Structures are given as C-alpha cells and as structure tokens.
Amino acid sequence: MAEKKHASDAMVKRGDLSKRVGIEQLRMRGVKVEELVEKLIDAAGAEFTTYYYYTILRMNLAGSEDYKEICEDARLEDRAHFELITPRIYELGGQLPADIRAFADRAGCPDAYLPGYSGVTKEGVDKVKGIQAAPKAAEILEVLLEAERCAIRTWSEVCDITFGKDPRTYDMASRILQEEIEHEAWFIELLSMERDGVARPSGHFRRGDPGDAPYSKNRGFYNP
Ligand SMILES: [Fe+2]
Ligand SMILES: [Fe+2]
C-alpha cells in the first residue's frame, strides 16, 4: 500500500521531540517564526502592563461609575488577551522573560501612565499623590484611548504576518483585535462627549459581566 501523504516529512523525523511539525509547517509557508515570537512577547507585555495601568486609571475615575465600569471591561479583557496569547508563545518555542522588569520594558506599547505622571523619579510617590488630588476624567479617557489604538496597530500587524500562513496565531490575534476595535470605539464615544460635548456613538451597550471578553474567551456573542 502507498504511504499516506501526511504520515511523515523530511523536516521532523519520527520520534524527534526537538522539532514541532506545528512550527515547521509555518516555516514552509514563509512565517519567520522567531520574529513572530518576539512580536508576540512584546504584544503580551503590552497587554499585561496595560492590565496593570488600567487598574490605576480605573481607580482614578472615582465618581464616574459609567466610565469605571467600561474601563473595567477593557482592563479585564486585556488580561484575557494576555492569557490567550501566552500559551501560543510557548507552542512556538518562545518563553516569557524570567524577570517581570524585562517583560514590562519590552512591552510593545507605551506605559499608560496616570495623566501628569511621566515616569519614576525620586519624588515619584509624592508626585503621584499630587496628581491623584485632581484627576480629570477626559485626560484619563485619552490615555485609555491611545492605549487601545496602540493595541489595534499591534494586533493588525500580527494578523498581517500570519494571514493565510498561521491560522492558529491569526485566529487568536483576530479575536483580540476585534475587542481592541470595540475598546477604541467605547473610549472615542466617552471622550468625545466628556471633552467636546459631541456625540460619537460606539454602538456599545454593555458586556454581560465585567471582563466578558466575548471574542477572546470564546464565549457566545452578546446577541439578545
Ligand atoms: Fe488588549
Ligand atoms: Fe483593549
């Protein structure tokens, strides 16, 4: 009987654990796997640090319950994005930096600092206390908006380099991208009315529960 077409290949010998067919097939289709892994680590770093910074931003939206709730959805969905993409980094032969400082430093997007805070200084703690005395919702919404825009650029690039070649990474990046596009629309709506008094509806009503992540957690769509 003729050998089955997919029973073996020249790249990965029978019983060889040092290589993965799941990686070699990507190389055969033109994916630069090492470069992709580096981009995914940078992107995961941005999701993780954004999750951290959104915690601070949400706290400082004190008094604006509607903004806090929407910030919380975006915050928890960024954590979901980190959780979704991190296993893929390991499948592709990569790993997270052993030191969280290295991980935060290589994040692919800028730090989403509290408005008025520009980085660690000797007086950092006192400076933050001063900033927290008078947080402006519009300034916080702008930080949130620009973080979402960086995320859209990031995941769009990952979609571009995996489309038609790496369906698994593409599917994950595409799910994340869909939520990032929603997040941008939410913060445009909120900032537009808060800062400029202009209605720019996002089409958003609400997630089912905080951090629902309907795309990246593979749940059913909100579709009453
Ligand atoms: Fe995200
Ligand atoms: Fe987001």
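When I speak of a helix in this talk, I mean a DSSP run of H or I at least four residues long, with the runs numbered from the N terminus. With that understood, the model, which is a predicted one, reads along its sequence as α-α-α-α-α-α-α, that is, seven helices and zero strands.

Let me begin with the chain as a whole. It has 224 residues, of which buried residues make up 30%, and if we take the contacts with a separation of 6 or more, 70% of them are accounted for by residues 24 or more positions apart.

I will now go through three helix pairs, starting with helix 6, residues 137–162, and helix 7, the latter spanning 167–196. The axes of these two helices come within 8 Å and cross at roughly 155 degrees, and because an angle over 145 degrees counts as roughly antiparallel, helix 6 is described as roughly antiparallel to helix 7. Helix 6 passes helix 7 in a left-handed crossing, and the contact of helix 6 with helix 7 contains 19 nonpolar, five polar and seven charged residues.

The second pair brings in helix 2, residues 33–59, which packs with helix 6 at an angle of about 160 degrees, the axes being 11 Å apart, so that helix 2 and helix 6 are again roughly antiparallel to each other. The crossing of helix 2 past helix 6 is left-handed. On the helix 2 side the contact is made by L36, K39, A43, A46, T50 and L57, and on the helix 6 side the residues include I140, V143, L144, A147 and C150. By class, the contact of helix 2 with helix 6 divides into 12 nonpolar residues, two polar and one charged.

The third pair is helix 3 and helix 7, whose axes come within 11 Å and cross at roughly 165 degrees, which makes helix 3 roughly antiparallel to helix 7. This crossing of helix 3 and helix 7 is left-handed. Among the residues that make the contact are Y67, I70, A74, E77 and I85 of helix 3, together with M172, I176, E179 and W186 of helix 7, and the residues of this contact divide into nine nonpolar, three polar and four charged.

That leads to the interior. Which residues of the largest nonpolar core touch the most other members? The core has 44 residues, and the ones in question are L57, C71, I85 and L144. Helix 2, helix 3, helix 6 and helix 7 each supply at least two residues of this core, and the largest share, 12 residues, comes from helix 2. As general background, nonpolar side chains in soluble globular proteins tend to be buried together. If we look at I85 in particular, and leave aside residues up to four places away in sequence, I85 touches L40, A43, A44, M172 and I176. Of these partners, A43 is also in the contact of helix 2 with helix 6, while M172 and I176 belong to the helix 7 side of the contact with helix 3.

Two single residues deserve a closer look, and the first is A213, in the segment after helix 7. Is A213 buried or exposed? It is buried, because 23 other C-beta atoms lie within 10 Å, and 20 or more are needed for that label. Not counting residues up to four places away in sequence, A213 touches E77, A80 and E179, two of which, E77 and E179, also take part in the contact of helix 3 with helix 7. The C-alpha atoms of A213 and D78 are 8.8 Å apart, although the two residues are 135 residues apart in sequence. The backbone of A213 is also worth pointing out, since most residues other than glycine have a negative phi. A213 is not a glycine, and yet its phi is positive, at about 50 degrees.

The second residue is E83, found in helix 3, residues 65–91. E83 counts as partly exposed because it has 16 C-beta neighbours inside 10 Å, and its C-alpha atom is separated by 9.1 Å from that of F48, which is 35 residues apart from E83 along the chain.

Key:
Residues are numbered from 1 along each chain as its sequence is written. Chains are lettered from A and ligands numbered from 1 in the order in which they are written. This is a predicted model: local features need pLDDT of at least 70, side-chain atom pairs count only at pLDDT 80 or more; totals for chains, interfaces and linings use all residues. A residue is buried if 20 or more other C-beta atoms lie within 10 Å of its own, exposed if 12 or fewer, and partly exposed in between; C-beta atoms are placed from the backbone. Two residues are in contact if their C-beta atoms, placed from the backbone, lie within 7 Å. Axes are lines fitted to C-alpha atoms, for helices over the stretch in contact, and angles run from 0 to 180 degrees between N-to-C directions. Angles under 35 degrees count as roughly parallel, over 145 as roughly antiparallel, 65 to 115 as roughly perpendicular and the rest as oblique. A crossing is left-handed if the near helix is turned anticlockwise from the far one by less than a right angle, and right-handed if clockwise. Ala, Val, Leu, Ile, Met, Phe, Trp, Tyr, Cys and Pro count as nonpolar, Asp, Glu, Lys and Arg as charged, and the others, Gly among them, as polar. A nonpolar core is a set of buried Ala, Val, Leu, Ile, Met, Phe, Trp, Tyr and Cys residues joined through C-beta atoms within 7 Å.
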